[in-house]
Amino acid sequence: RRVLFRSFFTRRIETKAGEFLGVLTIGTHPRHFLDAYSSISSINGAAAVLARTDGVVYLRYPDSVERIGDRMPANSDWHKEVAKGGGAYRSSGVFSGEARQTAVKVLANYPIVVSVAISESAALAVWRERAKVTIVGGLALACVMFWLLRQLYKNFQKTAESEGKLDAAVAHM
């Protein structure tokens with residue numbers, strides 16, 4: 001489906017004295033916002049959504065599907081966060097089907113919402129790698145400690161045997 005969609009920004013123009021001169025309106029296609037979102041593509045599992053406060057999607061980036069004109073589901077926590085002016089929530093993955101941690105921010109003076117989300121699997125990837133390193137390091141440390149204790153025990157036994165032999169030798173003298 002092909003939807004022609006533009007975002008319009010309007011400002012009142014007035015003199016320094018506050019007299020009304022007119023209205024300036026600029027229309028832009030949502031794709032012009034992609035430059036601002038392109039940096040998010042370097043983060044694995046991250047996506048950004050630009051939408052109106054009523055839930056109509058201007059764009060989602062990165063995405064393989066054109067989402068202009070789609071709506072955020074009515075039962076989504078997204079609407080609750082928009083009503084509060086912004087916040088964060090856990091999403092079941094409206095567009096991707098993958099659970100995501102989502103942050104929402106309503107732009108001041110505009111009916112526009114910016115949402116940035118990262119999949120939970122991507123967000124936990126660094127933690128999982130660190131957990132693996134910690135577990136492997138802990139096991140290696142435990143093995144070294146076991147080996148050291150074993151060596152200490154062997155040395156203790158040798159010392160005890162030497163003392164026993166010395167005591168026996170002194171007793172025979």
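**Core, cavity and strand pairing in the predicted model**

Asn-109 is exposed, with a relative accessible area of 70%, and in this predicted model it is found in the loop between β6 and β7. The backbone of Asn-109 has a positive phi of about 70°, although the residue is not a glycine. Most residues other than glycine have a negative phi. The two strands on either side of this loop form a hairpin, with 5 residues between them, and Asn-109 belongs to the turn.

The protein as a whole has 3 helices and 7 strands, and from the N terminus on these elements follow the order β-β-α-β-β-α-β-β-β-α. Of its 173 residues, 25% count as buried. Among the contacts with a separation of 6 or more, 36% are accounted for by residues that lie 24 or more positions apart in the protein.

Strand β6 takes part in pairing with two other strands. With β5 (86-91), β6 pairs in the antiparallel sense over 6 bridges, and with β7 (112-119), to which β6 also runs antiparallel, the strand is joined by 7 bridges. Ala-103 appears in both pairings, since this residue of β6 is the bridge partner of Ala-88 and also stands opposite Val-116 in β7. The residues of β6 are divided between two faces, of which the covered one consists of Arg-100, Thr-102, Val-104 and Val-106, while the uncovered one consists of Gln-101, Ala-103 and Lys-105.

Two residues of the covered face of β6, Val-104 and Val-106, recur in the largest nonpolar core, which has 11 residues. The other members of this core are Val-49, Ala-51, Val-57, Met-72, Trp-78, Val-82, Tyr-89, Phe-95 and Val-113. At least two residues of the core are supplied by each of β3 (46-52), α2 (77-83) and β6 (100-106).

Val-113, itself a member of the core, illustrates how separate parts of the chain meet. Once its neighbours within four places in sequence are left aside, Val-113 is in contact with Val-49, Leu-50, Ala-51, Arg-52 and Thr-53, with Trp-78 and Val-82, and with Val-104, Lys-105 and Val-106. One of these partners, Leu-50, has its place in strand β3. Leu-50 counts as buried because its relative accessibility is 4%, which is under the 20% limit. Although Leu-50 and Val-113 are 63 residues apart along the chain, their C-alpha atoms are separated by 5.8 Å.

The structure also holds 1 cavity of 30 Å³ or more, and the volume of the largest cavity is about 170 Å³. This cavity is lined by 17 residues, of which Val-49, Phe-95, Arg-100, Thr-102 and Ala-117 are the closest to its centre. Two or more residues of the lining come from each of β3, β5, β6 and β7. By residue class, the lining divides into 10 nonpolar, 5 polar and 2 charged residues. Val-49 and Phe-95, listed among the residues closest to the centre of the cavity, are also members of the largest nonpolar core, whereas Arg-100 and Thr-102, likewise in that central group, belong to the covered face of β6.

Definitions and conventions: Residues numbered from 1 in each chain as written. Predicted model: local features only at pLDDT ≥ 70, side-chain atom pairs only at ≥ 80, totals over all residues. Heavy atoms only, no water. Core = buried A, V, L, I, M, F, W, Y, C linked by side-chain atoms within 4.5 Å. Buried < 20%, exposed > 50% of the residue type's maximum accessible area, 1.4 Å probe, protein only. Helix = DSSP H or I, 4+ residues; strand = E, 2+ residues; numbered from the N terminus. Contact = heavy atoms within 4.5 Å. 1 Å grid on protein atoms, 1.4 Å probe; cavity = no way out; pocket = protein on both sides within 12 Å on 5 of 7 lines; lining within 4 Å. Points joined across faces, edges and corners; volume = space filled by probe spheres on them. Nonpolar A, V, L, I, M, F, W, Y, C, P; charged D, E, K, R; others polar. Pairing = 2+ DSSP bridges.
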